[in-house]
Amino acid sequence: MFDGPLADAPLPAKRIADWEGRSYHWTMAVLATLALLLMLSPTIVVLVISFTSGLSLRFPPPGFSFRWYVALADAWQLQFAAWNSFKIAAWTTILSLLLGVAAALGIARSQRLSARLLDSLFMAPLVLPALAFGLSALMLFSFVGLPVSPLTLTLGHTVVCVPYVVRNTVASLTQLQPELLEGSASLGASRMMTLRRIVLPLIRPGIIAGGFICFMASFDNIPVSLFLRDAATDMLPIRMWQDLEGKLDVTIAALSGVLIVATVTLMLVMERVAGLSRRLA
Amino acid sequence: MAAASPAGFDPRLAWPLGSFLALLFAVPLAMLLVISLQTGDGYGFGQYAKFLTDWFSLRILGGTLRLGVEVTIACLVLGFPLAWLHARSPGWAKSAITLVVLLPLLTSVVVRTFAWIVILGRQGIINNALVGAGLIDTPLRLLYTEGGVVAALAQVQMPLMVLPLVAALGRADPNLADAASILGAGAWRTWRTVVLPLAMPGIIAGCLLTFTASVTAFITQSLVGGGQMMFMPAYVLQQAIALGDMPFAAAISVIFLVCVLIVVALLSLLGRRSRAHV
């Protein structure tokens with residue numbers, strides 16, 4: 001590669017450096033490939049097994065069929081639970097967006113101590129064990145005499161899901177260029193108009209990404225639902241969990257297949273609409 | 001300063017969520033504390049004494065924290081190289097890797113755990129492959145073991161480790177590593193003295209998220225670990241729902257909460273110090 005004296009560099013040292021560089025790159029590349037496989041394979045395994053023609057979770061499957069997807073059409077308990085989970089997740093997302101976007105506007109770009117404290121309060125539900133919160137929320141609701149219902153479920157879910165909306169909205173607000181706001185104000189726009197015409201359109205991708213993650217987190221929530229649902233409100237993840245504890249039902253595999261396809265589709269849509277991968281990494 | 005710009009937003013906008021969380025998050029936690037102090041005939045630390053003098057309870061707490069450490073280490077060992085790969089990939093590959101990492105994060109926890117039942121089961125992939133290769137005669141017991149729980153949980157929580165690492169490595173100036181190697185430092189030495197310290201805030205943030213998520217999770221533990229293995233969340237559930245002993249369940253929750261908070265505080269302290277060095 002080099003002419004002149006560099007080409008005559010002492011060989012042993014060069015070989016050591018070479019070996020070291022190669023061992024480093026190989027170790028990293030092998031571990032990274034392993035990690036990628038580990039991330040992908042469970043999803044692929046579930047998709048493959050959901051098309052099994054057999055009665056068990058034997059892998060590889062003895063043959064392929066749509067029988068478990070057909071069985072899913074008759075699984076009214078699962079459908080009922082899925083509808084409940086969808087409704088609660090939708091209400092939770094609406095409530096979280098209303099409270100969370102406003103709160104993000106209130107605390108973002110502020111250096112005040114009160115804003116930093118509020119920020120910690122808004123993020124706290126993410127760190128503390130959700131199960132402990134579910135239990136304590138049940139204690140509060142029974143103390144004030146509010147029976148568990150879809151309402152208590154929505155309130156509880158909002159507590160643990162609203163941080164995603166706040167975090168993503170704050171992140172896009174911090175990237176906002178202050179000149180835009182100043183320009184808008186100096187051209188005579190009222191604050192409300194600046195908010196509506198400048199700020200909201202610019203931070204919309206962040207709001208959408210936050211709302212999406214909030215929805216998925218609520219749809220998948222178990223620890224809070226365990227305590228705050230009533231007997232009539234069966235939630236999908238709890239139903240699936242209990243079905244899997246009892247018997248290894250292959251219908252769950254078909255349902256998992258549906259959920260995976262729905263998740264991937266939504267993710268790709270969000271990638272287009274809100275640049276999901278850039279936003280979260 | 002941008003913060004003082006004329007179009008700064010009204011801080012009062014944060015009040016609705018502030019009062020919502022004060023009422024529905026802070027008040028319940030305070031109630032949890034009060035109820036945990038209830039004993040049969042008044043108030044005191046009876047429930048805490050009961051937990052702290054009971055070997056069975058202490059073993060559950062110790063096992064839960066150990067599980068969290070094991071999963072965090074597994075995620076770090078595999079997650080760091082993945083973030084490294086992300087940092088040196090071209091744009092489209094970066095998005096692809098991020099989506100692969102995000103997929104498990106957004107897929108239902110029950111679905112992810114279900115996959116591990118298929119992988120680890122008696123007729124699962126690993127056992128069928130080993131029997132097919134003639135390495136073993138009878139299927140191994142992989143489900144209902146701690147190793148199985150760690151593997152499944154590591155996959156379930158990996159995104160929480162990788163995303164902060166990707167952010168940290170993406171921020172680090174690649175010229176620094178190049179400079180080190182041009183100055184004669186070997187690849188491993190560059191990694192130890194330049195790359196690792198630069199990535200430290202991301203490592204700590206990732207460890208914090210992975211640890212708290214693994215110790216507070218319980219679906220994976222219950223399905224892959226089975227009924228034999230008990231961790232703190234399942235212990236709270238058992239006392240609260242199956243046995244209806246609310247004061248003891250509350251005390252367990254508070255002890256668990258305090259332990260998690262101590263780990264979080266220690267890691268954030270480390271994070272602040274590491275940032276100070278960078």
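1. Salt-bridge network in chain A. In this predicted model, a network of salt bridges links four residues: A:Arg229, A:Asp234, A:Arg239 and A:Asp243. Side chains of opposite charge can pair when their charged atoms come close. Over all chains, the structure holds seven salt bridges.

2. The pair A:Asp234 and A:Arg239. One salt bridge to look at is that between A:Asp234 and A:Arg239, where the closest N and O atoms are 2.9 Å apart. The two side chains are also joined by a polar contact of 2.9 Å. Are these residues buried or exposed? A:Asp234 has a relative accessible area of 10% and is buried. A:Arg239 has a relative accessibility of 16%, and it counts as buried because the cut-off is under 20%.

3. Surroundings of A:Arg239. This residue is found in helix H10 of chain A, which covers residues 236–246. Which residues does A:Arg239 contact, leaving aside its neighbours within four places in sequence? They are A:Gln77, A:Leu78, A:Ala81 and A:Asp234. A:Asp234 is thus listed here as a contact and above as the salt-bridge partner of A:Arg239.

4. Salt bridges in chain B. B:Asp10 and B:Arg12 meet through their side chains in a salt bridge, at 2.8 Å from N to O. B:Asp10 is partly exposed, with a relative accessible area of 28%. Another salt bridge joins B:Arg66 to B:Glu146, with 3.0 Å between the closest N and O atoms. B:Arg66 lies in helix H3 (residues 55–87) of chain B and B:Glu146 in helix H7 (residues 146–171) of chain B, so this pair ties together parts that are 80 residues apart in sequence. Both ends are partly exposed: B:Arg66 has a relative accessible area of 44%, and B:Glu146 has a relative accessibility of 24%.

5. Extent of the interface. How many residues does each chain bring to the contact? Chain B brings 88 residues and chain A brings 96 residues. Between them the two chains bury about 8200 Å², and 83% of this is on carbon and sulfur atoms. Three residues, B:Phe9, B:Leu106 and B:Phe114, supply 9% of the area that chain B buries against chain A, which is more than any other three residues supply.

6. Make-up of the interface. The salt bridges counted between chain B and chain A come to zero. Five residue pairs are in polar contact across the interface, with both residues at pLDDT 80 or more. On the side of chain B that touches chain A, helix H1 (residues 15–36) of chain B gives the largest share, 14 residues. The residues of that side of chain B divide into 69 nonpolar, 16 polar and three charged.

7. Cysteines. A disulfide is a covalent bond between the sulfur atoms of two cysteines. The count over all chains is zero disulfides. Why is A:Cys161 not bonded to A:Cys214? The sulfur of A:Cys214 is the closest cysteine sulfur to that of A:Cys161, but at 4.9 Å it is too far for a bond. The cut-off for a disulfide is within 2.5 Å. A:Cys161 counts as buried, at 1% relative accessibility. In chain B, B:Cys75 is in no disulfide either, and the nearest cysteine sulfur, that of B:Cys207, is 9.0 Å away. B:Cys75 counts as buried, at 0% relative accessibility.

Note on methods: Residues are numbered from 1 along each chain as its sequence is written. Chains are lettered from A and ligands numbered from 1 in the order in which they are written. This is a predicted model: local features need pLDDT of at least 70, side-chain atom pairs count only at pLDDT 80 or more; totals for chains, interfaces and linings use all residues. Side-chain values use heavy atoms; hydrogens and water are left out. Helices (H or I, at least four residues) and strands (E, at least two) are DSSP runs, numbered from the N terminus. Buried means under 20% relative accessible area, exposed over 50%, partly exposed in between (1.4 Å probe, protein chains only). A polar contact is a pair of N or O atoms within 3.5 Å; within protein, one must be able to donate a hydrogen and the other to accept it, and residues adjacent in sequence count only if both atoms are side-chain atoms. Contact means heavy atoms within 4.5 Å. Buried area is the accessible area (1.4 Å probe) that two parts lose on being put together, summed over both. Ala, Val, Leu, Ile, Met, Phe, Trp, Tyr, Cys and Pro count as nonpolar, Asp, Glu, Lys and Arg as charged, and the others, Gly among them, as polar.
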